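Okay, thanks everyone, let me get this up on the screen. I'll walk through a handful of spots and then stop for discussion.

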Amino acid sequence: MPPLPNPRPRHLSLGPLETEILQILWELGSATVKDVHDRILTDPDRELAYASVTTVLRRLTQKGWLACDKQDRAFRWRPIVSPEEASILRAHEQLQHFLAVSNPDVVAAFADALDGASVEKLDAIAQRLKAARQARED
């Protein structure tokens with residue numbers, strides 16, 4: 001089981017425009033505000049101010065999703081977290097919320113509803129956890 005990414009974003013929740021811009025940066029690898037703005041405006045029905053893209057890029061940087069590098073006179077943003085790492089972080093957050101319910105009846109009902117393949121996956125996860133903990137102790 002892959003470990004949680006490090007460094008991790010300070011804030012996992014993203015708005016729709018933040019998610020869209022992060023997706024663009026994952027596709028491009030790195031980009032300037034103009035690159036991102038131009039990509040969004042390829043949709044002829046779309047309007048978005050250049051300053052709004054700058055604001056969202058800065059917000060994503062503050063949240064810990066992006067890094068900003070100055071290249072000549074332009075700033076380039078690049079993702080710190082890959083799409084795969086983001087998926088792991090979201091799954092971890094959802095699991096933490098689920099476990100926070102701390103109602104054994106809810107957890108039991110969930111477990112009871114699992115099909116055979118899901119139970120096998122959970123068993124495999126339990127074995128990986130056991131091996132990882134054993135490795136840390138050795």
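**Glutamate 18 and its surroundings**

So, let's start with glutamate 18: at 5% relative accessibility, that residue counts as buried. Keep in mind as we go that this is a predicted model. Glutamate 18 sits in helix α1. What does its side chain pair with? There's a polar contact of 3.5 Å between the side chains of glutamate 18 and arginine 59. If you skip the neighbours within four places in sequence, the contacts of glutamate 18 are Ser13, Val56, Arg59, Leu60 and Lys63.

Okay, on to the core. The largest nonpolar core has 20 residues. The ones with the most contacts inside it are Ile21, Leu25, Val36, Val53, Leu57, Trp65 and Leu66. Which helices feed into it? You get at least two residues each from α1, α2, α3 and α4, that last one being 83-100. And α1 gives the most to this core, five residues.

Now helix α2, which is residues 33-40. Which of its residues are buried? Those are Val33, Val36, His37 and Ile40. They're on the same side of α2, because they cover an arc of only 100° around the axis. As for what covers the buried residues of α2, that includes α1 (16-28), α3 (50-63) and β2.

Moving along the chain, leucine 41 is in the loop between α2 and α3. Is it buried or exposed? Neither, actually: at 33% relative accessibility, leucine 41 counts as partly exposed. Leaving out the neighbours within four places in sequence, leucine 41 is in contact with Arg46, Glu47 and Leu48. And here's a distance for you: from leucine 41 to proline 79 it's 21 Å, C-alpha to C-alpha, with the two sitting 38 residues apart in sequence.

Last stop, aspartate 72. You'll find that residue in the loop between β1 (66-71) and β2 (74-79). What's its phi? Positive, about 60°, although aspartate 72 is not a glycine. Aspartate 72 is also exposed, with a relative accessible area of 73%. Put that next to where we began: glutamate 18 is buried at 5%, while aspartate 72 is exposed at 73%.

That's my tour, so over to you for questions.

Key:
Residues numbered from 1 in each chain as written. Predicted model: local features only at pLDDT ≥ 70, side-chain atom pairs only at ≥ 80, totals over all residues. Heavy atoms only, no water. Helix = DSSP H or I, 4+ residues; strand = E, 2+ residues; numbered from the N terminus. Buried < 20%, exposed > 50% of the residue type's maximum accessible area, 1.4 Å probe, protein only. Arc of directions from axis to C-beta. Contact = heavy atoms within 4.5 Å. Polar contact = N/O pair within 3.5 Å; in protein donor to acceptor, adjacent residues only side chain to side chain. Core = buried A, V, L, I, M, F, W, Y, C linked by side-chain atoms within 4.5 Å.
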